[in-house]
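Please open the structure in your viewer and keep the sequence panel visible. The tour below proceeds from one selection to the next and explains what is to be found at each stop.

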Amino acid sequence: MSAEVVARALPRARALPPVAAQIDQTLADMDAQLDWLIALSPLDGEALWRQFDASGRMVEPPLRYVDLETDLAAARRTLDALPIGEVAPPALQALLAEKQRELSRMIDLVQARDQPDFIAASIALFGDVEPDLLALARRILIDVPAGEPLVADAGIDEVRAAVEAEIDWYRAQAPDFHIEVVVDTDISSMLMVSHGTFYIDGNIRLPHARVDPLIQHEIGTHVVTRHNGQQQALRQLQVGLAQYDPTQEGLGVLAEYLAGYLPGERLRVLAARVVAAAMAANGEGLPAIFDRLHTHHALPTDDAFDVALRARRGGGLTKDAVYLRGVRDLLAYLAADGEFDALFLGKFALSQLDLLQTLIDDGWVVPPALLPHYAAADDFSTRLDACRRTPVECLHQTHRPPESTTP
């Protein structure tokens, strides 16, 4: 695939029927208001580590969060009043109804923050950790080596410059491509995209070889699918249809591999997140989760603490199992000759592809306008074909590339 076909001129999607358009807009507005990720991101992670370490790694420090400003009771009343039953065609009604149920569960999750019923709310929204996924995670932690040692030699200046260069590349393909970049020293991830904003940890330190793969994950997946979703009449494809997280995160991890460097250490962290989520769902605290990951599975202290802390958000969050689940399901889809370009229509779950194809056939949804930067590489087709034959346990690279492979 060449760079010339990455950006495309495509037909416009049909406008939604009035009732569907109104409901779609209301659901999109509510999705922006109910930012559960921000609501459940612990503040001052560095201080939390110091407290935990000072306790002999035996006591879980209290987690603090931003104050909730959304009127959740009013949000639920608005959600319940939506006339979903009046929507046609049926495929559109089914997708909007799924999103309505998901937002209701999201309200339950945020309301239950630090409450006894939080774990149940998390399982209702993100699912429990299924036994075969947990078994896969344990096999990866046993069989996959961490890979060559990497030095965190890239700081905020290098990462920020690389992000800006990547955005410039996309703007050359699509002038309306837009993402706001915010540098913040008080976020729970080194890089993350939330509701159209790209957050970079102001204290970030990364191995140079991982900068581009992680940018391909964040921009090449989360921002590109948001951009393509903006071209659709159905706004949920911009903000995310129900249960879109596993496909998005699986695609993000695949982007790291296709961009040239997904080390075994990264795959082990995704597996560790599954183990941690399962332990958190069983009510185990941060010290036990940290000990399992660090002592039993030999994760470095910073990775073990970060994974354990993420699993303990809100009181026990199962969300982090979606990364490995998403990779597993995405590789199964590709192994069955699933179409790559279709994955970039917007933000959706693999299980919704048949409904989306119905909407494409009727003109309600159009093919993706933009594909990720890494798909412009000369050898991209060869790399993708290899992924179609690669089991999850083997989706990692032993050595870093000699230089960036993204043109």
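Begin with helix α3: select E46, R50 and A54, which are exposed on one side of this helix. Exposed means over 50% relative accessible area, buried means under 20%, and partly exposed lies in between, computed with a 1.4 Å probe and protein chains only. Helices here are DSSP runs of H or I with at least four residues, and strands are runs of E with at least two, numbered from the N terminus.

Before continuing, please note that this is a predicted model, in which local features need pLDDT of at least 70 and side-chain atom pairs count only at pLDDT 80 or more, while totals for chains, interfaces and linings use all residues. Residues are numbered from 1 along each chain as its sequence is written, and side-chain values use heavy atoms, with hydrogens and water left out.

**Stop 1: the other side of α3**

Now select A47, L48 and F52, the buried residues of α3, a helix that covers residues 45-54. Seen down the axis of α3, these buried residues fall within an arc of 135°, so they line one face of the helix. The arc is that of the directions from the helix axis to the C-beta atoms. Add α13 (286-296) and α14 (301-311) to the selection, since the buried residues of α3 pack against them. Just after α3, select G56, which takes a positive phi of about 75°.

**Stop 2: T301 and its surroundings**

Select T301, which is placed in helix α14. Is T301 buried or partly exposed? At 28% relative accessibility, T301 counts as partly exposed. Next, display W49: 252 residues separate W49 and T301 along the chain, and their C-alpha atoms are separated by 9.9 Å. Leaving aside neighbours within four places in sequence, T301 is in contact with W49, R57, F290 and H294. Contact means heavy atoms within 4.5 Å.

**Stop 3: the loop before α14**

Which residue in the loop between α13 and α14 deserves a selection? Choose A298, which is found in that loop. The phi of A298 is near 60°, a positive value in a residue other than glycine. At 57% relative accessibility, A298 counts as exposed.

**Stop 4: α12 against α14**

Keep α14 on display and add α12, residues 264-281; the two axes come within 9 Å and cross at roughly 40°. That makes α12 oblique to α14. Axes are lines fitted to C-alpha atoms, for helices over the stretch in contact, and angles run from 0 to 180 degrees between N-to-C directions. Angles under 35 degrees count as roughly parallel, over 145 as roughly antiparallel, 65 to 115 as roughly perpendicular, and the rest as oblique. The crossing of α12 and α14 is right-handed; a crossing has this hand if the near helix is turned clockwise from the far one by less than a right angle, and is left-handed if anticlockwise. To see the contact, select E265, V269, A272, R273, A276, A277 and A280 of α12 together with D303, V307, R310 and A311 of α14.

**Stop 5: helix α6**

Move to helix α6, residues 118-126, and select F118, I119, A121, S122, L125 and F126, which are buried. Viewed down the axis of α6, its buried residues fall within an arc of 160°, so they line one face of the helix. These buried residues pack against α2 (36-39), α5, α11, α12 and α15 (322-335). After α6 comes G127, whose phi is positive, near 90°.

**Stop 6: α11 against α17**

Select α11 (residues 245-258) and α17 (residues 380-387), which pack at an angle of about 125° with their axes 11 Å apart. That makes α11 oblique to α17. Their contact is made by L254, Y257 and L258 of α11 and by F380, R383, L384 and C387 of α17.

**Stop 7: Q236 and a cis bond**

Select Q236 in helix α10. Q236 is buried, with a relative accessible area of 0%. Among its contacts beyond four places in sequence are D24, L96 and K347. Finally, select A88 and P89, whose connecting peptide bond is cis, with omega near 0°. P89 lies in the loop between α4 (72-80) and α5 (90-111).
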